[in-house]
Amino acid sequence: MTRTIRKVAVLGSGVMGSAIACHFANIGCSVLLLDVAPDALTDEEKQKGLALDNPLVKNRIVRGSFEKCLKSSPGPLYNKKFSSRVTLGNFDDDFKKISDYDWVLEAVVENLEIKKKVYQKVEQYRKPGTLVTSNTSGIPIHLMAEGRSQDFQKHFAGTHFFNPPRYLKLFEVIPTATTDPVITNFLLHYGDLHLGKTTVLCKDTPAFIGNRVGVWGLLKVIDSMKKFKLNVDEVDKLTGPVIGRPKSATFRTSDLVGLDTMVKVANNLYAALPNDEGREMFKLPDVVSKLEQNKWLGDKTGQGFYKKSKNEKGQTEILTLDLETLEYKPKVKAKFATLETTKTIDNLRDRFKVLLAGKDKAGEFYRDCFYALFQYASNRIPEISDELFRIDDAVCAGFGWELGPFDTWDALGIESTVKAMEAAGYRPAEWVYTMLKSGHREFYKVRDGKRMFYDIPSGSYKAIPGREGFIVLENLSDKVVWKNQDSKITDLGDGIINFSWSSKSYTLGAAVVEGMNKALTVAEQDFRGLVIGHHGADFSLGANLGMVFMNAIEQEYDELDFMVRVFQNTVMKIRYSGVPVVVCPQGRTLGGGCEMTLHADQVQAAAETYIGLVEVGVGLIPGGGGTKELTKRASDRFLEGDVELNALQSAFMNIATAKVALSAEEARDMGILRDRDRISINRERQLLDAKAAAIAMAEEGYNMPVPSNSIRVQGRSGLALFAAGVNGMKMGKYISEHDAKIAMKIANVMCGGDLSYPQEVSEQYLLDLEREAFVSLCGERKTLERIQSILTGGKPLRN
């Protein structure tokens, strides 16, 4: 079916409605955001002599909600200017406009009768064939469709976003018995390709999949916490990044989201699930009920499981709630022997084996939590899903887990874990035993580079639908061409190779740079294109500061010069390779990671790319071609008519203030991404999109660029302008003496040094200036203090 979504009407402008409207605006849709008109004037409106029928009054609710959404942090839009794609209106005057829209998405209050009244009005104005969906988080979808026309029901389904819609990847699609399967498949595909989501097909059961399993798991953590007499700080230490979950772990996540949200979901599930064997877990612990009564809901009320306070010195400190006394106390650093044994284990799957084998209280806690979770998840099949991978997908995308219940179970070993579960009183569902008896020992396996899941009804392994073409590097271990301790080269097929790395924080140390040069050489010799990127949370946090600091403190300036020169040569090889090179930034892409991106033939950026040249923050300047490249781009703009040097000044400020774009779209505005660079809304498609781009360039007849010798620089006249501005900032005490020195180092490179008049210079000329500035700043004590502060957590530099 051919269906194009250009215009989306969102009904209801609350927290979710406004944020969903923003995300549709992010992907280029025209959005109509509607809400009710007020039934009474405010005092301010009365003073102004306004009436209820005044447009300003009638749109007050929707306008206030939308403006509040735009001010929220983190922001809902890829670029603030995208807010112009959203038109505001009210149900009285503008409802009829939905007849021109391709998709009507309802996000009004969670009340079935109110929703039915809205749908009655939708039916009055929608044109046949228009999609109608609800963002409800818990009301049965089929109840909302009752009484509607056949065409309405055929095109109606639940589409549940998680909050905030821009950032959380889960998009649950819940069809009814009357939903056209073509519509269901369209929503699943659209959510993946256009909205950038992990789309999960759900049955119309209470809370669907994500909240059903995820909230049960969170409440089980609290249950196990009580059982083993742990405190809030200890549990958040045990349930954060060490088990592949967000830094906010359990209780900080509750404070961020709002305890009332979890309470509402839990109460609804307890009432709706009389036959769920795990129902009692949804009965809120007394301490949670007490917090709700006290309105200690988290950040929204100023305190929850944590509270910000001022100490005797007037410094802000975070206090932790003692769940026994309900008093706030200073945070206590949690220590467990089991955690100490996993510090050197980077692979999460390997780490789980050690964590659950722990002999201390941490090990007992983990076994109780995870064995119970495995039991609960296995018992939900086929109630909430026929396929186990959908449960893993939902909790990972909705709650930020790296591994879902079945994936974690796989890592531990299914058969041995089942025996341990039985001993602990957590016997799994019968289908698990049937699976093991048939000789199957894994929930997931890789076959021909594709991830397969165990299909329970057929008792066989099947490819996960919708992901047949995705590139997953860990599934291509048999395609590795070359590797060292931190990086590897993988054959992606069709004449394209990939270079990826796994160093700590994805920093660009010697082994990574060696691998990058090897990949460029191999690509030129035996392939037709190179994709640089990986699946890590961040692309790269830049250079290995530890190496920089060590050489600087030992005054090994020749070694520093050599190290910078090698990296400069590497990024220039990216630019001037004999084959097309596509770079795939995602997450934090800072310093050297940004410089790699700047030199790509084409960039295939993830929408959530946070990129910038941040070296000034450690007292340095971009030394790997970043300063040179932004100068070159400003020169191109000058030749196009930018005689006032706005582009040069803008590039200077971006470097001097260590500005970081908060999305790929912002990076385009900053000049880091060019018009020809592309953005992948769905991060999981990024490498696939990059491979396609490399193939297209190769097949179009790729010609290696020629190094530029015509970069226009301003010399002394430009330096004088920058010096005046920098001196003014210093005199006004907005920047320090050292900051001024760094700024003038940047200006010196961007103006071409001490040249008597504006002229054209080569890229190598600017690279030499850049490298000299970088190395010279490494000799500054202030720079060394900044670097050490980062490396040691703020400890002072010793003489």
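Biologist: What phi does Gly425 take just after α20?

Modeller: In this predicted model, Gly425 follows directly after α20 and has a positive phi of about 90°.

Biologist: And which residues of α20 are buried?

Modeller: Helix α20 spans residues 414-424, and its buried residues are Ile414, Thr417, Val418 and Met421. They cover an arc of only 105° around the axis, which puts them on the same side of α20.

Biologist: What do those buried residues pack against?

Modeller: The buried residues of α20 pack against α17 (361-379), α19 (405-412) and α21 (430-437). The face turned away from that buried side carries Lys419 and Ala423, which are exposed.

Biologist: How about α14: which residues are buried there?

Modeller: Val287, Val288 and Leu291 are buried in α14, which covers residues 286-294. Seen down the axis of α14, the buried residues fall within an arc of 100°, so they line one face of the helix. Asp286 and Gln293, on the other side of α14, are exposed.

Biologist: What covers the buried residues of α14?

Modeller: The cover includes two helices, α10 (210-227) and α13 (259-272), together with strand β10 (316-322).

Biologist: Which residue follows α14, and what is its phi?

Modeller: Lys295 follows α14, and its phi is positive, near 65°.

Biologist: You mentioned β10. Which sheet order is it part of?

Modeller: Strand β10 belongs to an open sheet of 3 strands with the order β9-β10-β11 and antiparallel pairing. β9 (306-310) and β11 (327-330) stand at the edges with a single partner strand each, so one side of each has no neighbour in the sheet. On average, neighbouring strands of this sheet are turned by 45° against each other, direction ignored.

Biologist: How many bridges join β9 to β10?

Modeller: There are 5 bridges joining β9 to β10, and the two strands run antiparallel. Within this pairing, Tyr306 stands opposite Thr320 in β10.

Biologist: Where is Leu326, and what is its phi?

Modeller: Leu326 is placed in the loop between β10 and β11. Its phi is near 60°, a positive value in a residue other than glycine. Leu326 counts as partly exposed, at 22% relative accessibility.

Biologist: And Ala249, buried or exposed?

Modeller: Ala249 counts as buried, at 8% relative accessibility. Although Ala249 is not a glycine, it has a positive phi of about 50°. Ala249 lies in the loop between α11 (232-238) and α12 (251-257).

Biologist: Switching to prolines: where is Pro382, and what is its preceding peptide bond, cis or trans?

Modeller: Pro382 lies in the loop between α17 and α18 (388-399). The peptide bond from Ile381 to Pro382 is cis, with omega near 10°. The bond from Asn163 to Pro164 is also cis, with omega near 0°. Pro164 is found in the loop between β6 (156-161) and β7 (170-175).

Biologist: Now the 7-strand sheet. What is the strand order?

Modeller: The open sheet of 7 strands has the order β15-β16-β17-β18-β19-β21-β23, and its pairing is mixed. β15 (480-483) and β23 (678-680) stand at the edges, each with a single partner strand, so one side of each is left without a neighbour in the sheet. The twist from one strand to the next averages 20°.

Biologist: In which sense do β17 and β18 pair?

Modeller: Strand β17 (residues 496-501) and strand β18 (residues 529-532) are parallel, paired over 4 bridges. Ile496 has Gly529 as its bridge partner in β18.

Biologist: Which strands does α29 lie across?

Modeller: Helix α29 (residues 686-699) lies across β16 (487-493), β17, β18, β19 (581-583), β21 (602-606) and β23. The helix runs at about 165° to β21.

Biologist: Last topic: how many aromatic pairs are there in the whole structure?

Modeller: A search of the whole structure finds 31 aromatic pairs. For Phe399 and Trp401, the ring centres are 6.4 Å apart and the planes are at 50°, so the pair is tilted.

Biologist: What lies over the face of Trp401?

Modeller: Arg245 lies over that face of Trp401, at 3.6 Å from the ring centre. Trp401 is buried, with a relative accessible area of 7%. Arg148 likewise lies over the face of Phe152, at 5.9 Å from the ring centre.

Biologist: Which residues form the aromatic cluster with Phe352?

Modeller: Phe352 forms one aromatic cluster with Phe365, Tyr366, Phe370, Phe374, Phe406, Trp409, Trp431 and Phe443.

Conventions: Residues are numbered from 1 along each chain as its sequence is written. This is a predicted model: local features need pLDDT of at least 70, side-chain atom pairs count only at pLDDT 80 or more; totals for chains, interfaces and linings use all residues. Side-chain values use heavy atoms; hydrogens and water are left out. Two strands pair if DSSP finds at least two bridges between them. Axes are lines fitted to C-alpha atoms, for helices over the stretch in contact, and angles run from 0 to 180 degrees between N-to-C directions. Contact means heavy atoms within 4.5 Å. Rings of Phe, Tyr and Trp (its six-membered ring) pair if their centres lie within 6.5 Å; planes under 30 degrees apart count as stacked, over 60 as edge-to-face and the rest as tilted. Buried means under 20% relative accessible area, exposed over 50%, partly exposed in between (1.4 Å probe, protein chains only). A charge sits over a ring if NZ of Lys or CZ of Arg is within 6 Å of the ring centre and within 35 degrees of the ring normal. The arc is that of the directions from the helix axis to the C-beta atoms.
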